[in-house]
Amino acid sequence: MPEESPVTPGASDATESAEAGALQAAAPGPAATWLSGQGFDAVTLGPDHSGVELLGVEPAALPLVATALKAAGFDYLQCQGGYDEGPGGHLVSFYHLVKLASMVEQYSAMAEATGPLPAEARPDEVRLKVFLPRDGALSIPSLYGLFRGADWQERETFDMFGIAYEGHPHPKRLLMPEDWKGYPLRKDYVQPDFYEMQDAY
């Protein structure tokens, strides 16, 4: 399954290692091929279950790769989020980008034709993933300056997983109280038995 990390897995299970090796050998998709031709470094993770191209990106390279993709037409941040691979695994931050302008043009051209839109009509999409060791620095550059829609999404990912976004203009919790301990969607999270809300006034 293409949700594993492009680096050596933390778990020692031989099957997971074989799966990770298979992912590294995946054929590059259109976005990876274009990025490589422009001199950008991204690891091809293959397509997901719906055919969306997945790319692994180093934290420091994220703003450069995202800027290049935006210039190439991936102008809409559809979704940003995170997930936890589990014990011994990584914490992952992802950005799902769509070529919105080209999709509108494609649909407009189809609308002028007669009959229903073909089932294969879909926008160009790519998902960038940043894999962070859970015991390392959980910090990556924010993409708020490039996609304003990353604002509350990065805050929610920080709130639930503890991944900090450098350069975010309002790096505070979004769902949990500011004095909450821990990050509730991490798989190693231990829910407290008791929480006393502090007087905010």
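These legends describe close-up views of a predicted model of one protein chain.

**Figure 1. The whole chain, with its helices and strands.** The protein chain contains 5 helices and 7 strands. Read from the N terminus, the elements follow the order α-α-β-β-α-β-β-α-β-β-α-β. Of the 201 residues in the protein chain, 39% are buried. Counting contacts between residues at least 6 apart in sequence, 59% join residues at least 24 apart. The average pLDDT of the protein chain is 84, and 78% of the residues score at least 70. Over residues 8-23 the pLDDT stays under 50. For residues 8-23 the model has 13 contacts beyond four places in sequence.

**Figure 2. The hairpin of strand 1 and strand 2.** Strand 1 covers residues 43-47, and strand 2 covers residues 53-56. The two strands pair in the antiparallel sense, with 4 bridges. One residue to look for in strand 1 is Val43, whose bridge partner in strand 2 is Gly56. Between the strands of this hairpin lie 5 residues. Gly51, in the hairpin, has a positive phi near 90 degrees.

**Figure 3. Strand 2 beside strand 5.** Strand 5 spans residues 125-133 and pairs with strand 2 in the parallel sense over 4 bridges. Glu53 of strand 2 has Val126 as its bridge partner in strand 5. Strand 2 is covered on both faces. Glu53 and Leu55 are buried on one side, and Leu54 and Gly56 are buried on the other. In strand 5, 8 of the 9 residues are buried, so this strand is largely enclosed by the rest of the structure.

**Figure 4. Helix 3 and its buried face.** Helix 3 is formed by residues 62-71, and its buried residues are Leu62, Val65, Ala66, Ala68 and Leu69. Seen down the helix axis, these buried residues fall within an arc of 160 degrees, so they line one face of helix 3. An α-helix has 3.6 residues a turn, so residues three or four places apart point the same way. The cover over the buried residues of helix 3 includes helix 2 (30-37), strand 4, strand 5 and strand 6 (139-141). On the face turned away from the buried side, helix 3 carries Leu64 and Ala71, which are exposed. After helix 3 comes Gly73, with a positive phi near 115 degrees.

**Figure 5. Lys70 and the ring of Phe147.** This view shows a charge placed over an aromatic ring. The charged end of Lys70 sits over the ring of Phe147, at 5.0 Å from the ring centre. Lys70 falls within the residue range of helix 3, 62-71.

**Figure 6. The hairpin of strand 3 and strand 4.** Strand 3 holds residues 76-84 and strand 4 holds residues 90-98. The two strands run antiparallel and are joined by 8 bridges. Gly82 stands opposite Ser93 of strand 4. The hairpin has 5 residues between its strands, and Gly86 in the turn takes a positive phi of about 105 degrees.

**Figure 7. Strand 4 and its two buried sides.** In strand 4, 9 of its 9 residues are buried. His90, Val92, Phe94, His96 and Val98 point one way from strand 4. Leu91, Ser93, Tyr95 and Leu97 point the other way, and the residues of both sets are all buried.

**Figure 8. Strand 4 paired with strand 5.** Strand 4 and strand 5 run antiparallel, with 9 bridges joining them. Phe94 stands opposite Lys129 of strand 5. The bridge partner of Tyr95 in strand 5 is Leu128.

**Figure 9. The aromatic pair of Tyr83 and Phe94.** The structure holds 2 aromatic pairs. In the pair of Tyr83 and Phe94, the ring centres are 6.4 Å apart and the planes stand at 40 degrees, so the pair is tilted. Tyr83 belongs to strand 3 and Phe94 to strand 4, so the pair ties together parts that are 11 residues apart in sequence. Tyr83 and Phe94 are both buried.

Key
Residues are numbered from 1 along each chain as its sequence is written. This is a predicted model: local features need pLDDT of at least 70, side-chain atom pairs count only at pLDDT 80 or more; totals for chains, interfaces and linings use all residues. Side-chain values use heavy atoms; hydrogens and water are left out. Rings of Phe, Tyr and Trp (its six-membered ring) pair if their centres lie within 6.5 Å; planes under 30 degrees apart count as stacked, over 60 as edge-to-face and the rest as tilted. Buried means under 20% relative accessible area, exposed over 50%, partly exposed in between (1.4 Å probe, protein chains only). A charge sits over a ring if NZ of Lys or CZ of Arg is within 6 Å of the ring centre and within 35 degrees of the ring normal. Two strands pair if DSSP finds at least two bridges between them. The arc is that of the directions from the helix axis to the C-beta atoms. Contact means heavy atoms within 4.5 Å. pLDDT is the predictor's confidence in each residue, from 0 to 100.
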